[in-house]
Amino acid sequence: MKAVELENIVKTYPTKKTTVTAVNDVSFSVEEGELFGLIGPDGAGKTSIFRILTTLLLADKGEAKVLGYNVVKDYKAIRDIVGYMPGRFSLYQDLTVEENLEFFATIFNTTIQENYNLVADIYKQLEPFKTRRAGKLSGGMKQKLALSCALIHKPKILFLDEPTTGVDPVSRREFWEMLKRLKAQGITILVSTPYMDEAKLCDRIALMQDGKIMTIDTPGNIVRQFGRNLFSVHSENMFTLLNDLRAFPQTESCFAFGENHHLTLTEESMAELEEYLLVRGHKNAAINKIEPGIEDCFMQLMKSPSQPFPNEMAF
Amino acid sequence: MNREVVIKTDKLTKKFGDFIAASEITFEVFKGEIFGFLGANGAGKTTAMKMLIGISKPSYGKAQIAGFDVYKQTEQIKKNIGYMSQKFSLYEDLTIKENINLFGGIYGLSGKQIETKSNELIIKLNLYKEADKLVGSLPLGWKQKLAFSIAILHEPKIVFLDEPTGGVDPITRRQFWDMIYEAAHNGITVFVTTHYMDEAEYCDRVSIMVDGVIKALDSPAELKKQFNAISMDDVFLRLARGAQRGD
């Protein structure tokens, strides 16, 4: 059985003037035990998909199942077996850490003791603050408590909507280590994130933009499908280098990427490029062929002509 | 070369009761520099930034922003800086033009100046068709680019950006940085916080705060050398792993 199945799901939100299509004919499935990532910016449709799968929102069209249960007919059965951590902190701010966890255990007819082993790893870090009100916790601790509350009834599937947004790199890394340990215990995990560097930590990912899935595969396969050579270019003046590279006639795309610029060419005439950069005052420009990352692939896919709004704006 | 200093702090400190949110912060930022202000959640970045923009009075220490004192000249500071954050930027239920007029007015520009600036901005951002549309109807990436343009409408000496690129797609994120580069190139100092470590690499210099203290301050290249790290992500992890406090 598939852990999650979506078939041609459409979700629109009418506004006064127009109708926004949040999820536009999305189909995919997730295997049991998989750590599956929905990767994309705000407005990609990630939250709508999570809310449809957790039976909190009805789709306009299409069918969705969670562990074989239909999200419309069998919503009660689904609610017993899924854990959901929404993007916005949704615990009771005026209950303490322990009261929140106890509350969620109680609604699922269980106790903290019964499933303590599942949350122990995460909850241990919160225990010194168990009498503190949830509203008074730090961002990182709220995130850990929310995950504990989503886990306390021993769900078969965990839905985590942008659990690491706005979280610093250290806490993000710790969070992903926790997810790996949960996966090892056999829990299927669907997680969304706007951080492309987290994509490689998933078994499979869907790259999403404007309600559509641009591609869906393992991170390794997505990178292999990049289909062109990618070069990193560095010189002393990175700002002028960026403009100069973009003006180079054979440039297909050029983006700033941390300490280097990433470049793809329509025609690989490296000697010509080196000469071109030298003439423009870039001495010691370093050009190296590199492996693309998920973010390179994401941008490549975004540039395909199916984009609904123009990406290139004149500055 | 004698570079003009636009931000200068000396042992700037903020205490909340016994808790020292920002402890004896001392640094300088130069004109036209892109300065990255990094730190873990709860490290004290927001507290420090609030003191710098003149909305939170320091407990002790000194700071001059665009030549004005953070204790006595907070109004002058506000006139000489721009500010943009992911959380507060523009009024969604006003049109693009109305937002430009409103902020132009708040920054003290004349009607004529506002008109000129407004036209320039609409041409630059290619927003002719959208000029009379509500800001709320624009895609997030456009909103953020517009918010940045409005934050520098009055040609401030310094613009403060608090996690400006959260939630946008990777292409828009880079277009946003193109605008930052351009502003810096035109002499505006950019003071920016971010959780994207690749963005830290775009800065001329970065500081990393841990538990209220600036633990490192240098160019990304120097920091990587100093910490024998391959990336800024690596530098950050090495410094912030030992942090005691969360936010």
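This is a short chat about reading the contact, a pocket and a cavity in a predicted model.

Me: Before we start, what should I know about the model and its numbering?
Reply: The model is predicted, so local features need pLDDT of at least 70 and side-chain atom pairs count only at pLDDT 80 or more, while totals for chains, interfaces and linings use all residues. Residues are numbered from 1 along each chain as its sequence is written, chains are lettered from A in the order in which they are written, and side-chain values use heavy atoms, with hydrogens and water left out.

Me: How many residues does each chain bring to the contact?
Reply: Contact means heavy atoms within 4.5 Å. Here chain B brings 38 residues and chain A brings 39 residues. Buried area is the accessible area (1.4 Å probe) that two parts lose on being put together, summed over both. For chain B and chain A that comes to about 3,400 Å², and carbon and sulfur atoms give 62% of it.

Me: And how many salt bridges cross the interface of chain B and chain A?
Reply: Side chains of opposite charge can pair when their charged atoms come close. The rule wants a side-chain nitrogen of Lys or Arg within 4 Å of a carboxyl oxygen of Asp or Glu. It finds five across this interface. One of the pairs to look up is B:Asp233 with A:Arg173, whose closest N and O atoms are 3.0 Å apart.

Me: Which parts of chain B touch chain A?
Reply: Helices here are DSSP runs (H or I, at least four residues) and strands are too (E, at least two), numbered from the N terminus. On chain B, α5 (140–151), α6 (170–185), α7 (197–200) and α9 (232–240) each supply at least two residues of the side that touches chain A. The most come from α6(B), with ten residues.

Me: Where can I find a salt bridge within chain B?
Reply: Try B:Glu92 and B:Lys143, where the closest N and O atoms are 3.2 Å apart. This pair links distant parts of the chain, 51 residues apart: B:Glu92 is in the loop between β6 (81–85) and α3 (96–106), and B:Lys143 is in helix α5. Over all chains, the count is 27 salt bridges.

Me: Which residues lie nearest the centre of the second largest pocket?
Reply: On a 1 Å grid over the protein atoms alone, a pocket is an open set of points with protein on both sides within 12 Å along at least five of seven lines, and lining residues have an atom within 4 Å of a point. This one has 40 lining residues, with A:Asp197, A:Lys200, A:Glu295, B:Asp198 and B:Asp233 nearest the centre. It holds about 1,100 Å³ of space, where a volume is the space filled by probe spheres set on grid points joined across faces, edges and corners. The biggest giver to the lining is α6(A), with six residues.

Me: How many cavities of 30 Å³ or more are there?
Reply: In a cavity, a 1.4 Å probe fits but cannot get out. The search of the whole structure finds one of 30 Å³ or more. About 70 Å³ of space lies in the largest cavity. Its lining includes A:Phe226, A:His262 and A:Met299, and α10(A) gives the most, with three residues.
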